[in-house]
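I opened my notebook to get to know a new structure, one stop at a time. Come along and look over my shoulder.

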Amino acid sequence: MSILVVGSVAYDTVETAREKRERQLGGSASYFAVAARGRGPVRCVGVVGADFRAEDLELLSRQGADTTGIVRTDGKSFHWSGRYHADMIERDTLATELGVFAEFQPEIPPAWRSSEYLFLANIHPALQLHVLDQMDGPQLVALDTMNLWIETTPEKLHEVLARVDILLVNDGEARQLTGLRSLARAAEAIARMGPKRVIIKKGEHGALYFGVDSVLAVPALILDDVVDPTGAGDSFAGGFMGALAAAGADRNSKEAVFRQAMLDGTATASFCPEGFSVEGLLAMTDESYARRLQALRGMMIP
Ligand code: AMP
């Protein structure tokens with residue numbers, strides 16, 4: 001079962017109270033691919049500039065990602081820069097330099113169009129539609145988006161929503177998209193827009209799953225140290241989709257499969273903030289992963 005991700009492959013400059021890291025490997029597709037590793041071939045579609053280090057693509061390949069769909073063109077790689085507040089939750093975006101990403105027209109290699117699982121990471125909804133148009137009936141499609149697209153291109157976003165199975169957003173985005181304060185009502189309204197399953201992420205407070213006649217609240221693991229939370233949302237998506245792919249799930253699968261995948265997403269995402277870039281995720285082993293899952297279950301069941 002193959003997983004296809006289309007999103008940013010980027011350089012991030014991240015500043016925390018303790019440390020600043022310049023131009024480290026980032027981007028939604030990178031985090032997703034490393035998080036989903038070992039759960040099926042992860043095929044990455046994205047674009048990088050001439051400045052992108054070969055070693056960073058090699059790192060993704062070594063984690064089992066197929067990077068042949070990452071096109072290199074003249075120009076600079078997408079660069080995002082952010083500074084975290086002392087609470088390590090709030091952050092200010094200091095710069096978003098699109099570089100070659102501005103002209104990104106995702107082309108899915110013909111052999112990848114039959115991928116069973118598709119994650120449309122946070123890119124312009126018109127590009128997400130362009131990807132969907134090239135696909136050959138994926139078994140499950142999950143979508144991420146952001147406030148920028150909710151504000152600036154709501155029509156295109158609604159067109160994409162009508163064609164996906166799962167939406168992953170944070171609580172602020174769910175409220176902004178629907179104009180509803182209650183997250184339960186917001187999830188119902190989103191389900192009417194298209195995705196029958198809605199995941200609302202609440203950062204260090206965990207995530208809510210609104211499924212088909214089933215609701216689940218999963219707490220976040222309590223971490224000893226938060227080094228860099230960048231990419232935790234995409235890591236959640238990688239763990240979640242990876243679990244669904246490993247289970248061979250489709251849109252008619254039992255709710256239990258999706259509920260279990262929520263735990264996998266949460267356990268996977270918990271490694272991300274423990275290091276800069278994808279370093280926290282790279283430290284995840286079968287053993288440490290199993291311990292996190294067990295700890296998570298212990299937090300939910302007395
Ligand atoms: P998260 O912390 O889950 O919001 O993900 C942050 C990652 O998303 C960083 O690695 C950024 O490079 C990437 N990113 C930030 N803004 C955008 C954007 N507008 N489009 C695509 N990727 C972005």
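**Entry 1: F119 and its partner.** I am working with a predicted model. I began by looking up what F119 pairs with in β9, and the bridge partner turned out to be A142. The chain goes from β8 to β9 by way of helix α3, residues 125-134, and this β-α-β crossover is right-handed. I then checked the direction of the pairing: β8, residues 117-120, and β9 are parallel, with 4 bridges between them.

**Entry 2: The other neighbour of β9.** Next I turned to β10, which covers residues 166-170. This strand also runs parallel to β9, and 3 bridges join the two. Which residue of β10 stands opposite D144? I found L168 there.

**Entry 3: How covered is β9?** I wanted to know how many of the residues in β9 are buried. The count is 5 of the 5, residues 140-144, so the strand is largely enclosed by the rest of the structure. A residue goes down as buried in my notes when its relative accessible area is under 20%. I also noted which way the residues point. L140, A142 and D144 point one way, V141 and L143 point the other way, and all are buried. That fits a rule I keep on my first page: side chains in a regular strand alternate between the two faces of the sheet.

**Entry 4: A covered helix.** I moved on to helix α1, residues 28-35, and found it mostly covered, with 8 of its 8 residues buried. I wrote down the names for anyone following along in the viewer: S28, A29, S30, Y31, F32, A33, V34 and A35.

**Entry 5: Another β-α-β unit.** What joins strand β4, residues 42-48, to strand β5, residues 65-72? I found 6 bridges, and the two strands run parallel. One pair I looked up is V47, which stands opposite V71 in β5. Together with helix α2, residues 54-62, these strands make a right-handed β-α-β unit.

I picked one residue from the strand and one from the helix for a closer look. V45 lies in β4, and V45 is buried, with a relative accessible area of 1%. From V45 I drew a line to A249, 204 residues further apart along the chain, and the C-alpha atoms are separated by 22 Å. L60 has its place in helix α2. L60 is buried too, with a relative accessible area of 1%. For L60 I chose L25, 35 residues apart along the chain, and their C-alpha atoms are separated by 9.9 Å.

**Entry 6: Around the ligand.** Which residues come nearest to the ligand? Of the 17 around it, they are S8, D12, G27, R91 and G231. I sorted the shell by type and got 7 nonpolar, 7 polar and 3 charged residues. I also asked where the shell residues come from. β2 (10-15) and α8 (232-246) each supply at least two of them, and α8 gives the most, with 3 residues.

Then I listed some distances between N or O atoms. The side chain of D12 has an N or O atom 2.5 Å from an oxygen atom of the ligand. For the side chain of D234, an N or O atom is 3.3 Å from an oxygen atom of the ligand. N122 takes part with its backbone: an N or O atom there lies 3.5 Å from a nitrogen atom of the ligand. How much of the ligand does the protein bury? Taken alone, the ligand exposes 510 Å², and the protein buries 85% of that.

**Entry 7: Two positive phi values.** My last stop was the backbone angles. Most residues other than glycine have a negative phi, and I noted two residues that depart from this. R23 has a phi near 45 degrees, a positive value in a residue other than glycine. R23 sits in strand β3, residues 20-26, and is partly exposed, with a relative accessible area of 26%. M88 is not a glycine either, yet has a positive phi of about 60 degrees. I located M88 in the loop between β6 (79-84) and β7 (91-97). Is M88 buried or exposed? M88 is buried, with a relative accessible area of 15%.

How values were computed:
Residues numbered from 1 in each chain as written. Predicted model: local features only at pLDDT ≥ 70, side-chain atom pairs only at ≥ 80, totals over all residues. Heavy atoms only, no water. Buried < 20%, exposed > 50% of the residue type's maximum accessible area, 1.4 Å probe, protein only. Pairing = 2+ DSSP bridges. Right-handed = clockwise from strand over helix to strand, strands pointing away. Near = heavy atom within 4 Å. Polar contact = N/O pair within 3.5 Å; in protein donor to acceptor, adjacent residues only side chain to side chain. Areas by Shrake-Rupley, 256 points an atom, 1.4 Å probe, with all protein chains shown as cover. Nonpolar A, V, L, I, M, F, W, Y, C, P; charged D, E, K, R; others polar.
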